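Here is a friendly note to read with the structure open beside you. Take the points one at a time and find each residue as you go.

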Amino acid sequence: MSKNFSFVKKAVFAFIFVMMFAVSASALNLDFRLVNSTGLVMYRLYLSPSENSKFDFDQDEITGAFPLSSGYYTDIQIRNPNRQRFRHWDMRVYFRDSLYISIYNINLSKISKMTINEDGEAFDNLGHYYSVKYNE
């Protein structure tokens with residue numbers, strides 16, 4: 001009987017371990033610091049999972065301080081738990097007079113800071129550079 005109990009005990013612990021891993025893997029940390037070094041004021045930011053073919057314009061899912069003047073930063077969070085399972089994201093930042101930039105395929109689960117500068121470059125704290133596309 002103790003052999004059966006030992007097996008059940010091991011099975012229960014294995015189940016608990018698997019469940020803990022599954023829960024932690026489903027909600028990724030997507031928080032990052034956005035640094036504005038563009039020389040322009042950022043008015044809005046939109047993020048969408050890269051899997052989507054177009055941007056979701058639901059700004060309520062994103063926290064951060066806007067408008068964001070050049071030379072300042074804001075901390076960004078994606079608050080919707082259903083979307084926290086996506087690793088790669090596309091970003092669109094709007095400036096004045098309908099000017100916007102798009103940056104694609106950012107692995108938000110790995111970075112902690114994204115800087116956009118006046119030369120039209122975007123780079124993260126890991127040293128990855130991203131191409132910036134204007135009003136596409």
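1. Let's begin with a charge and a ring. In this predicted model, the charged end of Arg44 sits over the ring of Tyr94, at 4.5 Å from the ring's centre. Tyr94 also has ring partners: together with Tyr46 and Tyr100 it belongs to a cluster linked by ring pairs.

2. How many aromatic pairs does a search of the whole structure find? The search gives 4. One of them joins Phe86 and Trp89 edge-to-face, with 6.2 Å from centre to centre and 90° between the planes. Both partners, Phe86 and Trp89, are buried.

3. Another aromatic pair is made by Phe123 and Tyr129, and this one is tilted: the centres are 5.4 Å apart and the planes make an angle of 40°. Are these two rings buried or exposed? Phe123 has a relative accessibility of 24%, so it counts as partly exposed, lying between the limits of 20% and 50%. Tyr129 reaches 57%, which is over 50%, and therefore counts as exposed.

4. Now step back to the whole chain. It has 1 helix and 9 strands. Reading from the N terminus, the order of elements is α-β-β-β-β-β-β-β-β-β. The protein chain has 136 residues, of which 35% count as buried. Its exposed surface comes to about 8700 Å², with carbon and sulfur atoms supplying 55% of that area.

5. Contacts tell you how the chain folds back on itself. Take the contacts in the protein chain with a separation of 6 or more: 59% of them are between residues 24 or more positions apart. The next points give some examples to look for.

6. Which side chains meet in a salt bridge? They are those of Arg33 and Asp75, with 2.8 Å from N to O. Arg33 belongs to strand S1 (residues 32-37) and Asp75 to strand S4 (residues 72-78), so the pair links distant parts of the chain, 42 residues apart. The count of salt bridges comes to 1. As background, side chains of opposite charge can pair when their charged atoms come close. Both partners are partly exposed: the relative accessible area is 29% for Arg33 and 42% for Asp75.

7. Leu30 is a good residue to click on next. You will find Leu30 in the loop between helix H1 (2-26) and S1. Although Leu30 is in a loop, it counts as buried because its relative accessibility is 2%, under the 20% limit. Leaving out residues up to four places away in sequence, Leu30 touches Ile76, Ile78, Arg83, Gln84, Phe86, Trp89, Leu108 and Ser109. Phe86 and Trp89 in that list are the edge-to-face pair from point 2. Leu30 and Lys110 are 80 residues apart in sequence, yet their C-alpha atoms are 8.0 Å apart in space.

8. Where is Met114? Met114 is in strand S7 (residues 113-117), and at 0% relative accessibility it counts as buried. From Met114 to Leu34 there are 80 residues along the sequence, but 5.0 Å in space between the C-alpha atoms. Beyond neighbours within four places in sequence, the contacts of Met114 include Phe32, Arg33, Leu34 and Val35, as well as Phe123 and Tyr130. Arg33 is the salt-bridge partner of Asp75, and Phe123 is the ring that pairs with Tyr129.

9. For another loop residue, try His128, which is placed between strand S8 (121-124) and strand S9 (129-134). His128 is partly exposed, with a relative accessible area of 42%. Apart from neighbours within four places in sequence, His128 is in contact with Ala122 and Phe123. The C-alpha atoms of His128 and Ile106 are separated by 9.3 Å, with their positions 22 residues apart along the chain.

10. Finally, a word on confidence. The average pLDDT of the protein chain is 84, and 77% of the residues score at least 70. Over residues 21-25, though, the pLDDT is below 50, and this stretch has 0 contacts in the model beyond near neighbours in sequence. Where pLDDT is low, the predicted coordinates should not be read in detail.

Conventions: Residues are numbered from 1 along each chain as its sequence is written. Side-chain values use heavy atoms; hydrogens and water are left out. A salt bridge is a side-chain nitrogen of Lys or Arg within 4 Å of a carboxyl oxygen of Asp or Glu. Helices (H or I, at least four residues) and strands (E, at least two) are DSSP runs, numbered from the N terminus. Buried means under 20% relative accessible area, exposed over 50%, partly exposed in between (1.4 Å probe, protein chains only). Contact means heavy atoms within 4.5 Å. Rings of Phe, Tyr and Trp (its six-membered ring) pair if their centres lie within 6.5 Å; planes under 30 degrees apart count as stacked, over 60 as edge-to-face and the rest as tilted. A charge sits over a ring if NZ of Lys or CZ of Arg is within 6 Å of the ring centre and within 35 degrees of the ring normal. Accessible areas come from the Shrake-Rupley method with a 1.4 Å probe; for residues, only the protein chains shown count as cover. pLDDT is the predictor's confidence in each residue, from 0 to 100.
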